[in-house]
Amino acid sequence: MGQRLSGGRSCLDVPGRLLPQPPPSPPPVRRKLALLFAMLCIWLYMFLYSCAGSCAAAPGLLLLGSGSRAAHAPPALARGPDGTAPRLPFQAAPATPLAAGKEPAEGAASQEEQSPETLDSPSSISSFFSGSGSKQLPQAIIIGVKKGGTRALLEFLRVHPDVRAVGAEPHFFDRSYDKGLAWYRDLMPRTLEGQITMEKTPSYFVTREAPARISAMSKDTKLIVVVRDPVTRAISDYTQTLSKRPDIPTFESLTFKNRTTGLIDTSWSAIQIGIYAKHLEHWLHHFPIGQMLFVSGERLISDPAGELGRVQDFLGLKRIITDKHFYFNKTKGFPCLKKAEGSSKPHCLGKTKGRTHPEIDREVVRRLREFYRPFNLKFYQMTGQDFGWD
Ligand SMILES: Nc1ncnc2c1ncn2[C@@H]1O[C@H](COP(=O)(O)OS(=O)(=O)O)[C@@H](OP(=O)(O)O)[C@H]1O
């Protein structure tokens, strides 16, 4: 007949007469079993907890992920009784970019080409921790400018432990505003108390509706603009389009409305985006200049730590990102991170950042410099910074 061993483990039942009476389990074995069980419980708890961050579809797990800050969400963002996000009162149609541009440049809001590593690719550790905290609307946004160095700035900032940013460009305030703030907030990574939520969409800077829309979300939003010599920026913009559509006309022919008279085609978005003073005026109707930070795209390359120091100050962050975080990669020709966010490996931006530009006719470059000079000077006055493009 079977005889139960101590501890009531029925799977260990054996015929009693075949065995000598077992001595009571030696305490070390019991201790090991208890330890094993405790470890299993911890592992299970960790699994469920991290799942709460990523398995949004699992209703039973959602509660685990709701941090204290969720309670402070604006009432307009509260979920309805059915758990769905409400439509917000100020929903609007997608914005038309300020710079419509010639057909080849596809307007101001062309999608950034991202190499896979620049999209959200959190390490397993950071995905585990992303299960805690709550999603917040961004307190700071990199609003521009296209081809200014916005990706480099965001990737560098993400190294800071108090910055959490969405990897891809949300394009909420220009293309998806009708989806509502709850949709936008849901795109954001989870943050803990004291962490800043950020995103970057460079087309916001030239989108007419963006200043009012961002101000309606929060008039305290901090705005960062990475600016670069408008002539180089235009060539960089053109180079990106050329890489996708090699059959487009030359930069020189697109620059002019009339090459003989030297009249610049300001409707071409590659040119239009660089008239920074004009775009800035729209923002200043909604935000004080002190709430905007202008980062030099050139210095972001020559002295990334210096520019990152200014950005950290502006965001009220401890200066954690310093010289020690960067090295100059000779093959890439750009500064790279010694360690990317959530990784211990060096990290340079992908192939779509730091392209070789085509050679542009010197006379055309000279004419463009002449065209931009008054706008640049106005921009220096408005920002109180001389970017040295002239
Ligand atoms: N560290 C580092 N590595 C690589 N590239 C760097 C870096 N810092 C700034 N840049 C410059 O960033 C330019 C691309 O700007 P954006 O990221 O704003 O482009 S985009 O609007 O998001 O498409 C890109 O423009 P191009 O050189 O014309 O490709 C770079 O000059």
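This is a short selection-by-selection tour of a predicted model, with stops at an annotated domain, a ligand site, one strand residue and a disulfide.

**Stop 1: the annotated domain**

Start by selecting residues 138-373. UniProt, in an unreviewed entry, lists that range as "domain: Sulfotransferase". Colour it by secondary structure and you'll get 36% helix and 17% strand over residues 138-373. Put a distance label on the C-alpha atoms at the two ends of the range and it should read 34 Å.

**Stop 2: the "binding site" positions**

Next, show sticks for K147, G148, G149, T150, R151, R228, S236, K353, G354, R355, T356 and H357. These are the positions that carry the feature "binding site" in the unreviewed UniProt entry.

Centre on K147 to begin with. You'll find K147 in the loop between β4 (140-144) and α4 (150-157). Is K147 buried or exposed? Its relative accessibility is 15%, so K147 counts as buried, the cut-off being under 20%. Leaving out residues up to four places away in sequence, K147 touches R228, R233, S236, D237, Q240, T352, K353 and R355. Several names there should look familiar: R228, S236, K353 and R355 are also on the UniProt list.

Now slide along to R151, which lies in helix α4. R151 is buried too, with a relative accessible area of 1%.

**Stop 3: the ligand**

Select the ligand and expand the selection to the residues around it. Which of the 25 residues come nearest? They are T150, K200, S236, G354 and H357.

For polar atoms, try three side chains:

- R228: an N or O atom of the side chain is 3.2 Å from a ligand oxygen.
- S236: a polar side-chain atom sits 2.6 Å from an oxygen of the ligand.
- K353: here the distance from a side-chain N or O atom to a ligand oxygen is 3.1 Å.

Switch to a surface view at this point. On its own the ligand would expose 650 Å², and the protein buries 98% of that.

Back in cartoon view, highlight α4, α7 (230-244) and β13: these are the elements that give two or more residues to the shell around the ligand. Which element gives the most? That's α4, with 4 residues.

**Stop 4: V163 in β5**

Leave the ligand and pick V163, in strand β5 (residues 163-165). V163 counts as buried, at 2% relative accessibility. Show its surroundings and, setting aside neighbours within four places in sequence, you'll see contacts with L157, R158, I196, M198 and L317. If you'd like a ruler for scale, draw a line from V163 to N329: C-alpha to C-alpha they are 25 Å apart in space, and they are 166 residues apart in sequence.

**Stop 5: the disulfide**

Finish with the cysteines. How many disulfides does a search of the whole structure find? The count is 1, and it joins C336 to C348, with an S to S distance of 2.0 Å. Look down the S-S bond and you'll get 100° about it, a right-handed link. C336 is in strand β13 (residues 334-337) while C348 is in the loop between β13 and α13 (362-383), so the pair ties together parts that are 12 residues apart in sequence.

Both ends are tucked away: C336 counts as buried at 1% relative accessibility, and C348 is buried with a relative accessible area of 17%. While you're here, remember that β13 also turned up at the ligand stop, among the elements giving two or more residues to the shell.

Terms used:
Residues are numbered from 1 along each chain as its sequence is written. This is a predicted model: local features need pLDDT of at least 70, side-chain atom pairs count only at pLDDT 80 or more; totals for chains, interfaces and linings use all residues. Side-chain values use heavy atoms; hydrogens and water are left out. A disulfide is a pair of cysteine sulfur atoms within 2.5 Å. Buried means under 20% relative accessible area, exposed over 50%, partly exposed in between (1.4 Å probe, protein chains only). UniProt positions are given in the numbering used here, feature names are shortened, and annotations may be inferred rather than shown by experiment. Contact means heavy atoms within 4.5 Å. A residue is near a molecule or strand if one of its heavy atoms lies within 4 Å of it. A polar contact is a pair of N or O atoms within 3.5 Å; within protein, one must be able to donate a hydrogen and the other to accept it, and residues adjacent in sequence count only if both atoms are side-chain atoms. Accessible areas come from the Shrake-Rupley method with a 1.4 Å probe; for residues, only the protein chains shown count as cover.
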